[in-house]
Amino acid sequence: MYESSGDGWSLSAKTNGQMLLALYFRDLAGIQHAGQPVLCPVAPPVKPVAAAEVPEHSSAELKQEWQQWWHRLLRSDAAIEAAISPPDFHSFDDSPSLQRLLRAHYGAAFVWARSRQIECDATTRDHAAAGRWSLLEEMLRERGESRASHDGAPLSLTLVGLPLAEPRAWFLDPGTVLLSHDLPRHETLFRSYLEPMVELLA
């Protein structure tokens, strides 16, 4: 995790364990074009080996249940994140297809997600050591000063880094950005995504 702040602004960069699990199960089950925003596949890729386990008549149901889970994650806090409740997954009693998938593959998913979380945390620290967050911090400082001169509220931006195959970012309201954890390595691309997002914080 990385945190910094200045006069009228603050920045936090971290990852999210349950989002990692959700993306693993999405790709494991071969669920496509699901959720808002629609994120690209994870990297390293997860083979859709569980797709064959899902009866054809249940695939649409599973997709809908996954989307409901993802929607909750985008709006949740740490308490909800901790409520996945293995091994019975009673918090998914209203999502039977997804619950069956969780029960069958949670062990492998947990190991995968834990490894990715360690990698994402290390990448976040590497970005800090290399000064890659300074570009965004400067944008926030300039925007924060502009807002302060008009009696605006302080800017607060949270970055959620995920192991995604494409160097992209997706803006969530309010003040949260999902992004490939490698995106800050590409300075020009990082700026092209984050600059308009910082403007949206006004």
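## Elements and model

Helices, as the word is used here, are DSSP runs of H or I at least four residues long, strands are runs of E of at least two, and both are numbered from the N terminus. With elements named in this way, H33 can be placed in the loop between α1 and α2. The structure described below is a predicted model, and each statement should be read as a description of that model.

## The sheet

Five strands make up an open sheet, in which the order is β1-β2-β3-β5-β4 and the pairing is mixed. The strands at the edges are β1 and β4, each of which pairs on one side only, and the average twist from one strand to the next is 15°.

Strand β1, covering residues 2-6, runs antiparallel to strand β2, covering residues 9-14, and the two are joined by five bridges. Within this pairing, S4 has L11 of β2 as its bridge partner. The hairpin formed by β1 and β2 has two residues between the strands, and here G8 adopts a positive phi near 90°. On the pairing of β2 with β3, the sense is parallel and extends over six bridges, with K14 standing opposite V160 of β3.

## A buried glutamate beside the first strands

E137 belongs to helix α5, which spans residues 134-148. Because its relative accessibility is 15%, E137 counts as buried. When residues up to four places away in sequence are set aside, E137 touches Y2, S4, W9 and L11; S4 and L11 are also the bridge partners described above. E137 and V198 are 61 residues apart along the chain, yet their C-alpha atoms are separated by 10 Å.

## Nonpolar cores

In soluble globular proteins, nonpolar side chains tend to be buried together. In this model the largest nonpolar core has 38 residues, and W69 and W70 are those with the most contacts inside it. Several elements each supply at least two residues of this core, namely α1 (17-28), α2 (59-74), α4, β3 (155-162) and β4 (169-172). The greatest contribution to this core comes from α1, which gives eight residues.

A second core, separate from the one just described, has 21 residues and includes L135, L155, V177 and F190. As for W69, its contacts beyond the neighbours within four places in sequence are with Q18, L21, A22, F25, I84, F92, L98 and L102.

## How two helices meet

The axes of α2 and α4 come within 7 Å and cross at roughly 80°. An angle from 65 to 115 degrees counts as roughly perpendicular, and α2 is therefore roughly perpendicular to α4. On the α2 side the contact is made by E61, L62, E65, W66 and W69, while α4 contributes P96, S97, L98, L101 and L102.

## Aromatic pairs

The model contains nine aromatic pairs when ring centres within 6.5 Å are taken as paired. In one of them, the rings of Y24 and F25 have centres 5.7 Å apart and planes at 85°, so this pair is edge-to-face. Both Y24 and F25 are buried, and ring pairs link these two residues with W69, F92 and W112 into a cluster.

Another pair is formed by Y106 and F110, whose ring centres are 6.0 Å apart and whose planes stand at 40°, so the pair is tilted. Both residues lie in helix α4 (residues 96-129), where they are four residues apart, about one turn of the helix. Y106 is buried, with a relative accessible area of 15%, whereas F110, at 45% relative accessibility, counts as partly exposed.

## Backbone exceptions in the loops

Most residues other than glycine have a negative phi, and most peptide bonds are trans. The loop between α1 and α2 holds several departures from this pattern. H33, although not a glycine, has a positive phi of about 55°, and because its relative accessibility is 65%, it counts as exposed. The peptide bond from Q36 to P37 is cis, with omega near 0°, and P37 is placed in the loop between α1 and α2. The bond from A43 to P44 is likewise cis, its omega also near 0°, and P44 is found in that loop too.

A further positive phi, near 55°, occurs at F89, a residue other than glycine. F89 has its place in the loop between α3 (78-81) and α4. With a relative accessible area of 1%, F89 is buried, whereas H33 counts as exposed.

Definitions and conventions:
Residues numbered from 1 in each chain as written. Predicted model: local features only at pLDDT ≥ 70, side-chain atom pairs only at ≥ 80, totals over all residues. Heavy atoms only, no water. Pairing = 2+ DSSP bridges. Phe/Tyr/Trp six-rings, centres within 6.5 Å; stacked < 30°, edge-to-face > 60°. Buried < 20%, exposed > 50% of the residue type's maximum accessible area, 1.4 Å probe, protein only. Core = buried A, V, L, I, M, F, W, Y, C linked by side-chain atoms within 4.5 Å. Contact = heavy atoms within 4.5 Å. Axes fitted to C-alpha atoms, helices over the stretch in contact; angles between N-to-C directions. Parallel < 35°, antiparallel > 145°, perpendicular 65-115°, else oblique.
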